[in-house]
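Please examine the overall fold first, and then the packing of its helices and the space enclosed within it.

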Amino acid sequence: MFEQTGRLMPDHHLGPTRLVRAAALSASGRDLYLKLESELPTGSFKVRGAVHSLSVNLAKGGIREAVAASTGNHGAAVAYAAGLRRVAATIFLPTNPNLVKAARIRELGARLIETGADLSAAIDAAREWAASRDDRFFLHDAEDPDIPAGTATIGREIVSQLPSVEAIYVPMGDTALIRGVASAAKQLRPSIAIIGVVAEQAPAYYLSWQQGATVETGAANTIADGLAVSRPLAPNVAAIRELVNDVEAVSEQEMLAAIALLHEHEHVTAEPAGAAATAAWLKRGDPYGTSVALVTGANIAPDVMEIVRTLEVRRRSR
C-alpha cells in the first residue's frame, strides 16, 4: 500500500497529484514512488497541457471550437478543457478506438469522429477540419508549443514532493509529456536522470533518440495506444536528445505484468501506457536509489483488463 508524501498547494486549474511510495515493489535502498497522474480529471495527465494551451490561445480571441486528434486521452483532455472554457470540441479518433476513452470523450460533451486506420490518419483529418474555418483551433499535442508548459508542472511537483528523487521514468509517446517534465525537473535538479519509456512495438522515438534524426517506423502496433507513435517530429527529437538521459523499451507482456502488479499490490489502475514507466523500472533493476515512475492514465480497455485478470489468477495459483 501507499505511503503518501507531502502535497503542494493546488495551481490555478488543477491540484497536484499524489506521489506515493510503492511499498510492495520497493526494496531496501531501491525505492519506487508512483506519481498518480491517473487521478486527474479524465483519468490522464493530458488534461494539464490541454487546459493550459487552450487557456493561452483563447486569450488571443477568435476561437469557438477546439479540434484534436487522439487515441483517446488527449481527446478527452481537450474535451474537458473546452467544457471548462465553454467552447465546442470536435475530436477525431482512429476507427475502432478504446471504448472506455471514446465513451469518456462523449460524456464530456464533445463531438467524436472516427476516421482512418491509425492516429496519423486521424491527425490529417483533424487538421483539414480545423483549417476549414478560422474560428477552429487545432490543438495537436505533438506540435503545440504551450502543452509542455502544462506537463512541466509534473516535474516541479515531483521535486517539491520528493527532494531526494534521483530518477524519473516517463512514458514517451508524442514527447510533450517528457519534454515538460524533464525541462522543469532538470531546472530544479540538474543531476536528476530522466528515463524515457517506449513500447517495443512502437520504437520510432527510441530509434530517433539513438540516431539523432527522425526515424519513421510505418506502424506502431502496441496495446499501449498512448505510445503508438510512428511518425516523429524533428524538433521533438532534438529536444529529447538534449533532455533525456536514457530510453527503455518495454514489451507488451512487461506492460501487462506491470498493470497486474500495480492493480494487485498497489491498488492502482493503469492502462498499458500508464504502466509503462513502472514496467521499465522493474525491467532495469533500477540503478538509482530513489525513483519516480509516472502512472499517466487509468483508462484501460475492457479486453486488456481481462488479460490482466487472467495474469493475476495464474500468479495466485502458483
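A cavity is a set of points, on a 1 Å grid over the protein atoms alone, where a 1.4 Å probe fits but cannot get out; its lining residues have an atom within 4 Å of a point. Grid points are joined across faces, edges and corners, and a volume is the space filled by probe spheres set on the points. The model is predicted: local features need pLDDT of at least 70, side-chain atom pairs count only at pLDDT 80 or more, and totals for chains, interfaces and linings use all residues. Residues are numbered from 1 along each chain as its sequence is written, and side-chain values use heavy atoms, with hydrogens and water left out.

The search of the whole structure yields one cavity of 30 Å³ or more, and the largest cavity holds about 30 Å³ of space. Its lining consists of Met172, Gly173, Val198, Ala202, Tyr205, Leu227 and Val229. By class, this lining has six nonpolar residues, one polar and no charged; Ala, Val, Leu, Ile, Met, Phe, Trp, Tyr, Cys and Pro count as nonpolar, Asp, Glu, Lys and Arg as charged, and the others, Gly among them, as polar.

Tyr205 also belongs to the contact (heavy atoms within 4.5 Å) between helix 7 and helix 8, where Tyr205, Ser208, Trp209, Gln210 and Gln211 of helix 7 meet Asn236, Val237, Ile240 and Arg241 of helix 8. Four nonpolar, four polar and one charged residues make up this contact. Helix 7 (residues 204-211) and helix 8 (residues 234-243) pack at about 65°, their axes 9 Å apart. Axes are lines fitted to C-alpha atoms, for helices over the stretch in contact, and angles run from 0 to 180 degrees between N-to-C directions.

Helix 8 also packs against helix 6 (residues 176-188), at an angle of about 35° and with the axes 10 Å apart. Here Ile178, Arg179, Ala182, Ser183 and Lys186 of helix 6 meet Asn236, Ala239, Ile240 and Leu243 of helix 8. This contact comprises five nonpolar, two polar and two charged residues.

The protein as a whole has eleven helices and eleven strands, which are DSSP runs (helices H or I, at least four residues; strands E, at least two) numbered from the N terminus.

Note on methods
1 Å grid on protein atoms, 1.4 Å probe; cavity = no way out; pocket = protein on both sides within 12 Å on 5 of 7 lines; lining within 4 Å.
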